[in-house]
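Please open the model in a viewer and keep the selection panel at hand. The stops below follow one another by selection.

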Amino acid sequence: MNSKTQNKIAIGALYGIAGFVVLILLALLGYILVSGMPQLSWHFLTAPAKAFLKGGGVGVQLFNSFYLLFLAMLISFPIALGAAIYLYEYAKDNWLTTTIRTAIEILSSLPSVVVGLFGFLFFVVKLRLGFSILSGAFALTFFNLPLLTRSIEDSLRTISETQREGGLALGLSRWETVTKVILPAAVPSILTGVILSAGRVFGEAAALIYTAGQSAPALNFMDWNPFNISSPLNPMRPAETLAVHIWKINSEGIMPDAKAISSGSSAVLVLAILIFNFAARYLGKRLYKRLTSA
Amino acid sequence: MLTSNDVRNESAMQERHVTQLSAVGEEIILSTRNLHVFYGQHEALFEGDLEFANHKITALIGPSGSGKSTFLRSLNRMNDRIATVTGEIMYRGVDVNQPAIDVYEMRRRVGMVFQRPNPFAKSIYDNIAFALQLRGVTDRHQLDEIVETSLKQAALWEQVKDDLNKSALALSGGQAQRLCIARAIAVKPDILLLDEPASALDPVSTSQLEDTLLDLKQKYTIIIVTHNMQQAARISDYTAFFNAGRVLEYDTTSQIFTNPQVKITSDYVSGNFG
């Protein structure tokens with residue numbers, strides 16, 4: 001067999017494998033969207049869920065998902081940013097940073113159900129936060145922190161070393177160089193990382209089942225006082241998210257239209273994550289243009 | 001077999017010819033004594049004792065790995081985090097290679113331009129202005145003025161004066177390098193260190209850059225590392241020849257290129273090795 005034929009076979013095989021992967025993905029997405037899209041309506045997206053009757057929506061779950069995502073990001077982003085800056089810009093390579101990096105790696109490969117059960121024992125039981133948005137947000141922080149730290153560190157790594165030298169050579173301190181030269185240049189890629197990790201957090205269920213709980217008490221969307229129990233903003237209330245809702249309907253749903261609701265919820269979830277991904281790309285590019293060609 | 005120690009002893013016995021510029025009546029702005037640089041266990045610079053004359057261009061030449069860039073980067077302590085530098089670096093009578101020195105303040109007096117143009121991902125204006133803003137220069141008129149003079153001194157003003165708000169990343173290599181020079185002189189340094197500033201540029205940009213450096217000599221002391229022998233001959237007043245981590249010869253540029261005292265220097269400048 002000459003090398004030309006070999007090459008053709010290799011290319012053919014690679015195309016085949018790539019095509020197979022794309023096919024699986026399209027089939028999965030197609031199935032979810034085709035069976036879920038017909039369920040979607042304004043009513044479905046805004047109405048509260050019903051436990052026994054037909055016609056429930058996912059309004060509360062949808063809100064819970066976003067609120068939880070917001071809180072989890074609010075907690076994890078500053079920590080991840082600080083950790084990444086320390087690890088990449090300041091820390092020298094020694095046993096301490098090696099230990100931290102190993103810890104981050106192990107943490108990022110923890111099964112999310114383990115994170116959830118840890119969150120249950122520690123936040124829900126030990127710290128007496130109960131099944132609440134706050135417990136869920138803390139659990140998601142544990143889940144999200146390693147991935148986000150890694151992605152921010154990677155963003156910093158893409159900024160050339162010559163930029164740091166340039167800053168230092170002007171007499172800027174290392175901190176000034178990081179905050180005024182490196183971070184602005186890295187913002188688009190950091191933002192992309194944040195949005196992509198938001199997609200992962202948004203779809204997370206296992207870590208939330210035992211922390212944010214599986215019930216979604218009706219909310220009064222006119223009441224924005226975070227201390228009232230029926231206020232959407234109250235972080236101490238139990239909050240079933242969309243992903244948890246899907247899991248729950250499929251395992252113990254007794255409403256007559258359980259299958260339809262599950263399909264609709266899945267479609268909403270997949271659409272939201274698709275939007276996150278496209279938004280990440282679009283915003284990253286836009287921001288990069290804005291920041292570099294002011 | 002030669003060990004690194006043998007090589008060292010051998011080079012220690014080599015003939016050397018290092019002129020003391022203070023002895024020939026030059027005003028000395030920067031000098032080094034017993035400068036040694038270690039990367040971990042590896043010693044990259046064994047001895048760099050040089051005096052630099054005020055408002056002159058000094059070229060550092062020598063083969064790759066001879067320690068000239070290491071030496072240059074030590075002068076404004078850019079090697080702090082990656083190497084150990086021992087010895088004295090006397091800048092206007094103060095040893096700046098000691099822990100008590102405010103290294104950030106020192107780098108504002110001893111600026112640096114690198115091999116690859118490294119404009120920041122900001123507008124042309126901000127590339128120059130933002131370091132000043134961080135130092136408390138907030139008056140818009142004053143900033144405008146400094147930006148304009150710096151760009152004029154770096155011979156870039158005419159080309160970019162209408163595009164000050166455009167991204168510096170869109171500049172060509174030669175323009176970007178001159179922006180880096182403008183950025184460096186905007187903080188009003190005494191000394192400008194240049195590490196092969198033209199190695200990434202085409203011949204036309206290189207010759208423009210050389211003209212710029214000759215103009216800048218009126219105001220600044222320039223120390224330039226270059227691999228380009230003609231460049232050293234064209235623009236510098238003094239030339240130091242580095243080999244294997246030592247300064248082997250230091251004299252006026254015309255001496256180095258027409259009548260070198262050390263055999264290796266003569267081999268190098270005539271293109272027989274390196």
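Begin by selecting A:Phe131, which is partly exposed at a relative accessible area of 37%; buried means under 20% relative accessible area, exposed over 50%, and partly exposed in between (1.4 Å probe, protein chains only). The model is a predicted one, in which local features need pLDDT of at least 70, side-chain atom pairs count only at pLDDT 80 or more, and totals for chains, interfaces and linings use all residues. Residues are numbered from 1 along each chain as its sequence is written, chains are lettered from A and ligands numbered from 1 in the order in which they are written, and side-chain values use heavy atoms, with hydrogens and water left out.

Next, turn to the aromatic pairs, of which the structure holds 19 over all chains; rings of Phe, Tyr and Trp (its six-membered ring) pair if their centres lie within 6.5 Å, and planes under 30 degrees apart count as stacked, over 60 as edge-to-face and the rest as tilted. Add A:Phe120 to the selection: A:Phe120 and A:Phe131 form a stacked pair, 6.0 Å centre to centre with 20° between the planes. A:Phe120 lies in helix H5 of chain A and A:Phe131 in the loop between H5 and helix H6 (133-157), so the pair ties together parts that are 11 residues apart in sequence. Helices here are DSSP runs (H or I, at least four residues), numbered from the N terminus. A:Phe120 is partly exposed, at 25% relative accessibility.

Now select A:Phe118, also placed in helix H5 of chain A. What is the relative accessible area of A:Phe118? For A:Phe118 the value is 37%, so this residue is partly exposed. One aromatic cluster is formed by A:Phe118, A:Phe122, A:Phe123, A:Phe138 and A:Phe142.

Widen the view to the nonpolar surface patch of about 860 Å², whose members include A:Leu107, A:Leu110, A:Phe118, A:Phe131 and A:Tyr210. Patch residues have over 30% relative accessible area and no salt bridge, with like charges joined within 9 Å and nonpolar side chains (Val, Leu, Ile, Met, Phe, Trp, Tyr) within 5 Å; a salt bridge is a side-chain nitrogen of Lys or Arg within 4 Å of a carboxyl oxygen of Asp or Glu. Accessible areas come from the Shrake-Rupley method with a 1.4 Å probe, and for residues only the protein chains shown count as cover. Helix H5 (residues 112-126) gives the most to the patch, with 5 residues.

Finally, move to chain B and select B:Arg183, whose charged end sits over the ring of B:Phe120, 4.0 Å from its centre. A charge sits over a ring if NZ of Lys or CZ of Arg is within 6 Å of the ring centre and within 35 degrees of the ring normal.

Notes
Helix = DSSP H or I, 4+ residues; strand = E, 2+ residues; numbered from the N terminus.
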